[in-house]
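Welcome along! Please open your viewer, switch to a cartoon view and keep the selection box handy. We will move from the whole chain to single residues and back again.

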Amino acid sequence: MKKVFTRILLCGIVAAVMYSCDNGNADIEVFDSAPLVSFGTAPSSVIKGREYTAEINASDGELSAITAISYVLTDTLAMVEVGSGAISGSGKEVASTFTLSTEDLNESVYKLAVTAVDSKGLTATAETNFEVEGDISIGIIGDATPGGWDMDTDMTRSEEDFDMWSMEITLTDGQAKFRQNDDWGVNWG
């Protein structure tokens, strides 16, 4: 009788252990990841007074969705926060255009930090730097140019690449120099 009771007790313990280990459901702990934030296009410089426009992309996985996107703008030379606010957009995939007026910004280098928050409270931040430049002109002057030494013939600055300047001009025999802002302070020749 003692052997039978021991066997029954042992079978009961084994059954209890097996039942507690397998409740018929997969006991998998699911981890949600933070959203992904990136910049599509984000120019490296803008002329003071013109708008700075950047494309913002944010996405999240299957378990949650983007609920808020915000930005912080910092003047990196003065180490001062100069602006912050919300960027429109929510859902699993967000593509938004961020536009900022540079009228009240100093000529400086700025850090734009964009943060996305999902429905689980997880966050992610993407950053980019850009420079606000003063508007300048570049022209050519000299006796080889239509204006001679009395008047610069100004070049046109590209809207897509502020380092690119172009012009169409017919030069004659003679001398010519390029200069900035119709002044001899900065010149090339």
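Among contacts in the protein between residues at least 6 apart in sequence, what percentage join residues at least 24 apart? The figure is 62%. Keep in mind as we go that this is a predicted model.

**The whole chain**

Start with everything selected. You should find one helix and 14 strands. The protein has 189 residues, and 30% of them count as buried. If you switch on the surface, its accessible area comes to about 12,300 Å², with 53% belonging to carbon and sulfur atoms.

**Into the core**

Next, select Ile-69, Leu-73, Leu-112, Val-114 and Phe-130 and show them as sticks. These residues touch the most other members of the largest nonpolar core, which has 26 residues. Now colour the strands E1 (36-39), E2 (45-47), E3 (51-59), E4 (66-75), E6 (93-101), E7 (108-118) and E8 (123-133): each supplies at least two residues of this core.

Stay with Phe-130 and centre the view there. Beyond its neighbours within four places in sequence, Phe-130 is in contact with residues including Pro-43, Val-46, Leu-73, Leu-100 and Leu-112. Tyr-52 and Tyr-110 are also among its contacts, and Tyr-52, Tyr-110 and Phe-130 form one aromatic cluster. The structure holds four aromatic pairs.

**Following the pairing strands**

Select E4 and E7 together. They run antiparallel and are joined by nine bridges. Two residues you have already met face up here: Leu-73 has Leu-112 in E7 as its bridge partner.

Add E8 to the selection. E7 and E8 are antiparallel too, with 10 bridges between them. Towards the turn, look for Val-117, whose bridge partner in E8 is Thr-123. Four residues separate the two strands of this hairpin, and Gly-121 in the turn has a positive phi of about 85 degrees.

Now bring up E3 and E6, an antiparallel pair joined by nine bridges. Glu-55 has Thr-97 in E6 as its bridge partner. Which residues of E6 lie on its covered face, and which on the uncovered one? Val-94, Ser-96, Phe-98 and Leu-100 make up the covered face, while Glu-93, Ala-95, Thr-97, Thr-99 and Ser-101 make up the uncovered one. In a regular strand, side chains alternate between the two faces of the sheet.

**The four-stranded open sheet**

Move along the chain and select E9, E10, E13 and E14. They form an open sheet in the order E10-E9-E13-E14, with antiparallel pairing. E10 and E14 (187-188) are the edge strands, each pairing on one side only. Inside the sheet, four bridges join E9 to E13 (residues 177-180). To check one of them, pick Ile-138, whose bridge partner in E13 is Gln-180.

Now select Thr-145, in the loop between E9 (138-141) and E10 (153-154). Is Thr-145 buried or exposed? Thr-145 counts as buried because its relative accessible area is 7%, below the 20% cut-off. Show its surroundings and, leaving aside neighbours within four places in sequence, you will find Ile-140, Thr-153, Ile-169, Leu-171 and Ala-176 in contact with Thr-145.

**Last stop**

Finish by selecting Arg-179 and Trp-184. Arg-179 lies over the face of Trp-184, at 4.5 Å from the ring centre.

Definitions and conventions
Residues numbered from 1 in each chain as written. Predicted model: local features only at pLDDT ≥ 70, side-chain atom pairs only at ≥ 80, totals over all residues. Heavy atoms only, no water. Buried < 20%, exposed > 50% of the residue type's maximum accessible area, 1.4 Å probe, protein only. Contact = heavy atoms within 4.5 Å. Areas by Shrake-Rupley, 256 points an atom, 1.4 Å probe, with all protein chains shown as cover. Core = buried A, V, L, I, M, F, W, Y, C linked by side-chain atoms within 4.5 Å. Pairing = 2+ DSSP bridges. Phe/Tyr/Trp six-rings, centres within 6.5 Å; stacked < 30°, edge-to-face > 60°. Lys NZ or Arg CZ within 6 Å of the ring centre and 35° of its normal.
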